[in-house]
Amino acid sequence: MKEMGIILKKEQIRNVAIIAHVDHGKTTLVDSLLKQSGVFRQNQEIEERVMDSNDLEKERGITILSKNTAVMYGDVKINIIDTPGHADFGGEVERILKMVDGVVLVVDAFEGPMPQTKFVLKKALELNLPSVICVNKVDRPEARPNEVVDEVLDLFIELDANEIQLDSPFIFASAKKGISGTDADQLQDTMKPLFEAIIENIPCPNGDEDGLTQVLISTIDYNEYIGRIGIGKVERGSVSIGEDLWVSNYENPDKSYKVRIGKLYEYDGLKRVEIEEAITGSIVAISGIEDIEIGDTITSIEDKQPLPFVKISEPTLAMTFSVNNGPFAGQDGKYVTSRQIRARLHKELNTNVSLRVEDTDSADSFRVAGRGELHLSILMEQMRREGYELMVSKPEVLMKKDENDKLIEPIERVIIDVPEEFMGAVIEKLGSRKGEMVNMVQSKGGYTRIEFLIPTRGMIGYRSEFLTDTKGNGILNTLFEGYEPYKGEIPRRSQGSLVSFETGTAVGYGLYNAQERGILFVSPGDKVYEGMIVGENAKPMDIDVNVCKRKQATNMRASGSDDALRLSPPKKMSLEEALEFIEKDELVELTPKNMRIRKRILDKQQRAKQRAKNL
């Protein structure tokens, strides 16, 4: 196969995934490798974290979708896949590891192994993938690279690594500066030591080049013009344009049909380039197969033997996405109908494997299930930026029944690093949410690390409280642990809502009177409507307030004299905080320009009737 002007053999290919805890520098490391392999011109302007291609990834500083790239180092082609580090996107990581022959595990030289490091390393060890460990950010003033090496080795032992895995090489680096070395105190002004560690320690693909074709599809891309694109590794044989092959699926024996390969692509730097043929070990993108899915195997017609695929982790949280039916519906968004929302959700299923979408009894509502709050809130944020308007309900945890027909629920392992002065508040709050402390050790820099096992539903609404309780000094990480028997009722939010009983524009006088009741969410000049939640009541009940009320003009005083009233700044919530705040009878309304919180039933009298009916 001709690739970048040279004929490549299987021995000249390395397929490697970059794995790490969120924010340990995976994407920055890939940037460095791309720059030093000559992918960019000398004078080309390169933005930071070039692999985080969408706005949300850049803003949040996290990778959401895995990305493929390829670099040439000498005469070896290294296919690199940058994977997400956040637990909610674990489904992406699990699949990607099926496509590679080894991993580069990136660990922060100060933080050391973190919860997600353990999760991704465990997956890699289970698949018996060799590792190169890159201790990154060694230029940090508080870096402690040698201690981190010991901590990584302890983690390998804890995860039952074999002797070969324990013998993995360590490379020390500062991805941002593009320097690396085999000794933390003697770094070279190049990423050459890391490149060489990958080539020496990650094996070339081991499939049979002369065997019958087998390509396992591990991820799906989608393009408006050419439709679905299946991305996977040629496990055996070769594949070429115009060839007649067979599609089958290990989990779905009924899926079986003949296809013709339309177009074939490989990765060259950040680009996909068309090729005529791909050999064993190549990572390819294939277009022209209409309903190709993750887990499908493309085989020769003579063989038709599908390959087993990693089981995608089940969703743990569900929400209802509905058409926006509020008074201001259609003012901001381009896509407002149920048909448009349904089409967008089903399009998301093309690439988002951990997501589930079901129709409900109402034509205007859809039940959407995902891996966690972040997983679902990212989807909502993407939709509103694309011009969609929708309403979403409070997240609910998906329960199961065990073999004895007993209710079981998802449990999270919560790892918290917190200064000693805030420990009491954290332990008390998690205890009230059915959290069970399983470990407590002195951590780094005066912090204590506390581990809890807690029901997933106990974590809904906790992150914002945690930031308040620790004054922003705590670090919280969660990992899905498994299912355990139902832990009983968890106390809900103790504050009620301040609900607007008029539609109009919020004014200073009305807000001044309302703020005596609690914390406001709106400012003077904001448009409000009847049934919209404009604040949080200090007491545990809902109160209707009139934030549009103006001061009456009298002979003594002009109506504008309320401009001098002192208003507290309103509380501006993120999407995650709003989802955590709402109760079952409330919704979050999302439009491209606004996020509002509202009651399901907007009319005050109707709400009172519903309350009476429920008593």
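**Notebook: salt bridges, strands and surface**

I began with E451 and R413, whose side chains meet in a salt bridge with N and O 2.8 Å apart. I then looked up where the two sit: E451 is in strand β28 (residues 447-455) and R413 is in strand β26 (residues 407-419), so this pair ties together parts that are 38 residues apart in sequence. Both ends are covered, as E451 is buried and R413 is buried too. A reminder to myself before going on: this is a predicted model.

**Entry: other salt bridges**

How many salt bridges does a search of the whole structure find? I noted 33 of them.

I picked R596 and E589 next, a salt bridge whose closest N and O atoms are 2.7 Å apart. R596 is buried, and E589 is buried as well. I also found salt bridges with shared partners, which join D108, K137, R140 and E142 into one network.

For R144 and E147, I read 3.2 Å between the closest N and O atoms of their salt bridge. Is each partner buried or partly exposed? R144 has a relative accessible area of 11%, under the 20% limit, so R144 is buried. E147 comes out at 46% and is therefore partly exposed.

**Entry: strand β6 and its neighbours**

D108 from that network took me to β6, since D108 is one of the residues that point one way from this strand. Strand β6 covers residues 102-108, and seven of its seven residues are buried. I sorted the side chains by direction: G102, V104, V106 and D108 go one way, V103, L105 and V107 go the other, and all are buried.

Which strands pair with β6? Strand β3 (residues 13-20) pairs with β6 in the parallel sense, over five bridges. Here I wrote down I19, whose bridge partner in β6 is L105. Strand β7 (residues 131-136) also pairs with β6 in the parallel sense, over six bridges. On that side, V103 has S131 in β7 as its bridge partner.

**Entry: strand β11 and its neighbours**

I turned to β11 (residues 227-236), a mostly covered strand with eight of its 10 residues buried. β11 pairs with β10 in the antiparallel sense over nine bridges, and a hairpin of three residues joins β10 to β11. For a register check I used D221, which stands opposite I229 in β11.

β11 has strand β18 (residues 283-287) as another antiparallel partner, over five bridges. There G230 stands opposite I286 in β18.

**Entry: the loop before β10**

I followed the chain back from β10 into the loop between α7 (192-201) and β10 (214-223), where E209 lies. Where else does E209 turn up? E209 helps form a negative surface patch together with E11, D208 and D210. At 37% relative accessibility, E209 counts as partly exposed.

P205 has its place in the loop between α7 and β10 too. With a relative accessibility of 2%, well covered by the under-20% rule, P205 counts as buried. I checked P205 against T280: the two are 75 residues apart along the chain, yet their C-alpha atoms are separated by 7.3 Å.

**Entry: a nonpolar patch**

Which residues make the nonpolar surface patch of about 230 Å²? I listed M399, L407 and Y486. Y486 lies in the loop between β29 (475-485) and β30 (497-500). Its relative accessible area is 32%, so I marked Y486 as partly exposed.

**Entry: positive phi outside glycine**

I closed with two backbone angles. D160 has a phi near 60 degrees, a positive value in a residue other than glycine. D160 lies in the loop between α5 (145-158) and α6 (163-166). At 68% relative accessible area, D160 is exposed.

K304 is not a glycine either, and has a positive phi of about 55 degrees. I found K304 in the loop between β19 (296-299) and β20 (317-322). K304 is partly exposed, with a relative accessible area of 36%.

Definitions and conventions
Residues numbered from 1 in each chain as written. Predicted model: local features only at pLDDT ≥ 70, side-chain atom pairs only at ≥ 80, totals over all residues. Heavy atoms only, no water. Patch = residues over 30% accessible without salt bridge, like charges linked within 9 Å, V, L, I, M, F, W, Y side chains within 5 Å. Areas by Shrake-Rupley, 256 points an atom, 1.4 Å probe, with all protein chains shown as cover. Salt bridge = Lys/Arg side-chain N within 4 Å of Asp/Glu carboxyl O. Lys, Arg positive; Asp, Glu negative; His and termini not counted. Charge placed at Lys NZ, Arg CZ, Asp CG, Glu CD. Helix = DSSP H or I, 4+ residues; strand = E, 2+ residues; numbered from the N terminus. Buried < 20%, exposed > 50% of the residue type's maximum accessible area, 1.4 Å probe, protein only. Pairing = 2+ DSSP bridges.
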